[in-house]
Amino acid sequence: LTAPSVMTMNGHFASVGDAPTKEQYEHGIQVIDEEKQFNPNLNTYLQLTKTAQSGFNYHLISVFGSQSTGKSTLLNHLFGTEFGVMSETERRQTTKGIWMSKNKREGAAGPEAHGMADNILVMDVEGTDGRERGEDQDFERKSALFALATSEVLIVNIWEHQVGLYQGANMGLLKTVFEVNMQLFLKDKQSNPRSLLFFVIRDHIGTTPLANLRNTLIADLTGIWTSLSKPPGLEKSRIEDYFDFAFAALPHKILQPDKFITEVAKLSTRFRVGHRVARHGDFDQELEGGVFLPEYHRRIPADGFSVYAEGVWDQIVNNKDLDLPTQQELLAQFRCDEISREVLEAFDDAISPLEEKQAEGVRLGQPSVLKDLGASGKAARAKSIKAFETEASRYHKGVYARKRVELEGKIDTRLKALYQGQLSAAHKSGVASFSDAVVAAVKAGQKKGASYEFADIVEREKEVALENFELEAKSLAIEGVPWTNFKQQYNLYEKDLDEVSGRLRKEEMRRLATRVERWVRSRLGESVGLEFNKLGSGRGGSGAPESGEKPATEKDLWDRIWNLFVATVKEAESRFIERAKSYNASGDEIEVGLWRLRRKSWGVLRAKIDEEVMEGNILLKLRENFEDKFRYDEAGVPRIWRPTDDIEGVYTKARESTLTLIPLLSRFRLSETYAPPELPEWIGAAPDSVDPKDEEDLTPIGGVDEEEGKSLEEEMSILSEAKRQDLVVRFKKTADGVYVEAKRSAIGGVAQ
Ligand code: GDP
Ligand code: MG
């Protein structure tokens, strides 16, 4: 197999200078000139005559015969063509090479309307004998091969007086035709198209009936066939395996001009589509309709004819073996590629603006979801494939199927990128609006009162978000195109939504934690404050015990604080758990939340205690405690000092009693164990699921966060040694003041 010659077509059209017009082709087109050059404008001609669009609905006829036997004249009469004819006076060859013209009588009205087939193309082949370059049998052979490879009907034009002249030039021509035919179809056994040899006998005088002439011709043809040396495998082949025969006779054009016209008109009616009704014997057949039997058609789509014809001619002219199936495959490749290119151009026109719009959005960082992309993408795809199918399916089936897959691949690559961009935009905007919607709904819920359910909000908004995405994905789906099932993208989207809702839930949990902490703070603020206030009473709340309560003593201050702390946090924990569960928080998340709550609550308590033992505050409490003991007797009655009273003794006792509070206050110790509460156990170890972010805002706790280097003892140390001493000194001074005042009042009381 040689290089695909059909490809040489490329560029030929470009070399044609001016756009050809219909007028230029009045006399048809010279397909092959005397230099054996193929005319690159053949396709233009087919376009101009509207033949190119006809698919298979066109027909090709060639005429053969000796020079100046009235071939061109016959064609012009039959088909209204304007092939050049020899003037009666000049007598020299006019038709050179091979000309082609489209039947001009097609669709003619009135008596002219012969019901001729659509789109008949007629080829007028250069006369073959008596030529000036008669020695050149080469062209004769080549043009015969060309005509056979392309034509359905071969008209053999012959004078009546030549019939039976076996040695005549016509018979030589037929021998050539038969030979090249065998050569051709040796390669093309499967399609093996037949052709019709249509003998038109000219200047029929009428004395010999047509039937006799026909018999003579058949005898001659059989003789020629027998004499042919046949290639191996075809020795037994018969002429009628390849050809059908038809015969017609016409009167003398000059001598019987009117009769000639009538007979030609009759003859023209035979150029219609027909079918075989029956076959009797080797050469006898009954046709219905006209001479164009479907089996004669070469099945080259009209829009590919010029490429095919040029390829065939190229092979012929270069003396290469003409292999029609290969030519047809090459043609199919060439044309399918060409059609594919055209189709892709139209597809590009439809898709490019969408691609640009999408790219623009991405560039601006705001990927946009294009409206109705699914519909326009689907339409463009279907339109392209349909257009390709219409044009290209007429060509070689295998090539067509392959090129169709190729085309679909190209289209789908473009669409895929576009669709993926679309879904990624839908994904982004969907996740963003989901997050916004949840936040907005939470805010609205908070405004209305605390009764919103976070999990419900998330579920509702997720449903909306998924639905929107699914709608978009579904609009992009194309039936029977697996890659347009976007399940994977859908799943990814859902995963992202869940991630976002997880994050939002975490934030929501933080807010909850803050609320619960605030509650703990206010609770502890009150209750712990109360406990410290009791210090001021000097009897440690030992007044009248109410409702059977064990009387509080100063010694169990820390026990009471610890117990109410633990109870408060416990209540806070159950509030937190209840709420968090309604968010659909996981066990791990709740565990971390509680752990944080306990730590933070401890911090709250510790701060409250620090506030209570702040210098001024504690000094005031000590003074009150002291005064209570000093100024009131055991029954709680205020003392009126008299000079005889043991003011000093009472003072010393009260002072020493109050002073015992200072070491008690200095350390958080439980009375029973005389040890700090088991804070590390109470807080518990950090849960495994805690992440560094959860720990960021936590203050280290001595004894709990051991790596911080602070011991539990230090954590529980409320007053430093220095502060203690300072407090003792200050308190003593205050107590001294009170004592002096009491002393003075005792003396003063006497003086009164
Ligand atoms: P071509 O070379 O075969 O195409 O022949 P042309 O059509 O050019 O005609 C050659 C000559 O034959 C012209 O002078 C025609 O007038 C003449 N001619 C055409 N038709 C007939 C015919 O039916 N009978 C005769 N005797 N002459 C014809
Ligand atoms: Mg001619």
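# Exercises on a predicted model

A search of the whole structure turns up 34 aromatic pairs. The model is predicted. Work through each task, then check the solution.

## Exercise 1: A pair between α12 and α13

Task: What kind of aromatic pair do F469 and Y490 form?

Solution.
- Step 1. Take the two numbers that describe a pair of aromatic rings: the distance of the centres and the angle of the planes.
- Step 2. For F469 and Y490 these are 6.3 Å centre to centre and 50 degrees between the planes.
- Step 3. Stacked needs planes under 30 degrees apart, and edge-to-face needs over 60. The pair of F469 and Y490 is therefore tilted, at 50 degrees.
- Step 4. Place the residues. F469 sits in helix α12 (residues 454-476) and Y490 in helix α13 (residues 487-535). They are 21 residues apart, and the pair links distant parts of the chain.
- Step 5. Check burial, where the cut-off is under 20% relative accessible area. F469 has 2%, so F469 is buried. Y490 has 15%, so Y490 counts as buried too.

## Exercise 2: A pair between α16 and α22

Task: Classify the pair of F626 and F731, and say which helices hold the two residues.

Solution.
- Step 1. The ring centres of F626 and F731 lie 5.7 Å apart.
- Step 2. Their planes stand at 85 degrees, so this pair is edge-to-face.
- Step 3. F626 belongs to helix α16 (residues 615-631), and F731 to helix α22 (residues 721-751). The pair therefore ties together parts that are 105 residues apart in sequence.
- Step 4. F626 has a relative accessible area of 0% and is buried. F731 is buried as well, at 1%.
- Step 5. Look for a residue that touches both rings' residues. R655 touches F626 and F731, along with K732 and A735, not counting residues up to four places away in sequence.
- Step 6. R655 is found in helix α17 (residues 647-659). Its relative accessible area is 18%, so R655 is buried.

## Exercise 3: An aromatic cluster

Task: Which residues form one aromatic cluster with W602?

Solution.
- Step 1. Pick out the Trp residues: W558, W562 and W682 join W602 in the cluster.
- Step 2. Add the Phe residues: F532, F565 and F668 belong to the cluster too.

## Exercise 4: How α8 meets α9

Task: Describe the crossing of helices α8 and α9.

Solution.
- Step 1. Find the helices. α8 covers residues 302-317, and α9 covers residues 324-363.
- Step 2. Their axes come within 10 Å and cross at roughly 135 degrees. That makes α8 oblique to α9.
- Step 3. The crossing of α8 and α9 is right-handed.
- Step 4. List the contact. From α8 come D303, G304, V307, Y308, G311, V312 and Q315. They meet L324, Q327, Q328, L331, F334 and R335 in α9.
- Step 5. Sort these residues: 6 are nonpolar, 5 polar and 2 charged.

## Exercise 5: W313 in α8

Task: Is W313 buried or exposed, and what does W313 touch?

Solution.
- Step 1. W313 is found in helix α8. Its relative accessible area is 2%, so W313 is buried.
- Step 2. Leave out residues up to four places away in sequence. W313 then touches I32, K36, F38, F139, K142, S143 and F146.
- Step 3. Take F146 from that list. F146 and W313 are 167 residues apart along the chain, yet their C-alpha atoms are separated by 6.4 Å.

## Exercise 6: The whole chain

Task: How many helices and strands are there, and what share of the residues is buried?

Solution.
- Step 1. The chain has 22 helices and 9 strands.
- Step 2. Of its 752 residues, 47% are buried.

Conventions. Residues numbered from 1 in each chain as written. Chains lettered and ligands numbered in written order. Predicted model: local features only at pLDDT ≥ 70, side-chain atom pairs only at ≥ 80, totals over all residues. Heavy atoms only, no water. Axes fitted to C-alpha atoms, helices over the stretch in contact; angles between N-to-C directions. Helix = DSSP H or I, 4+ residues; strand = E, 2+ residues; numbered from the N terminus. Parallel < 35°, antiparallel > 145°, perpendicular 65-115°, else oblique. Left-handed = near helix turned anticlockwise from the far one by under 90°. Contact = heavy atoms within 4.5 Å. Nonpolar A, V, L, I, M, F, W, Y, C, P; charged D, E, K, R; others polar. Phe/Tyr/Trp six-rings, centres within 6.5 Å; stacked < 30°, edge-to-face > 60°. Buried < 20%, exposed > 50% of the residue type's maximum accessible area, 1.4 Å probe, protein only.
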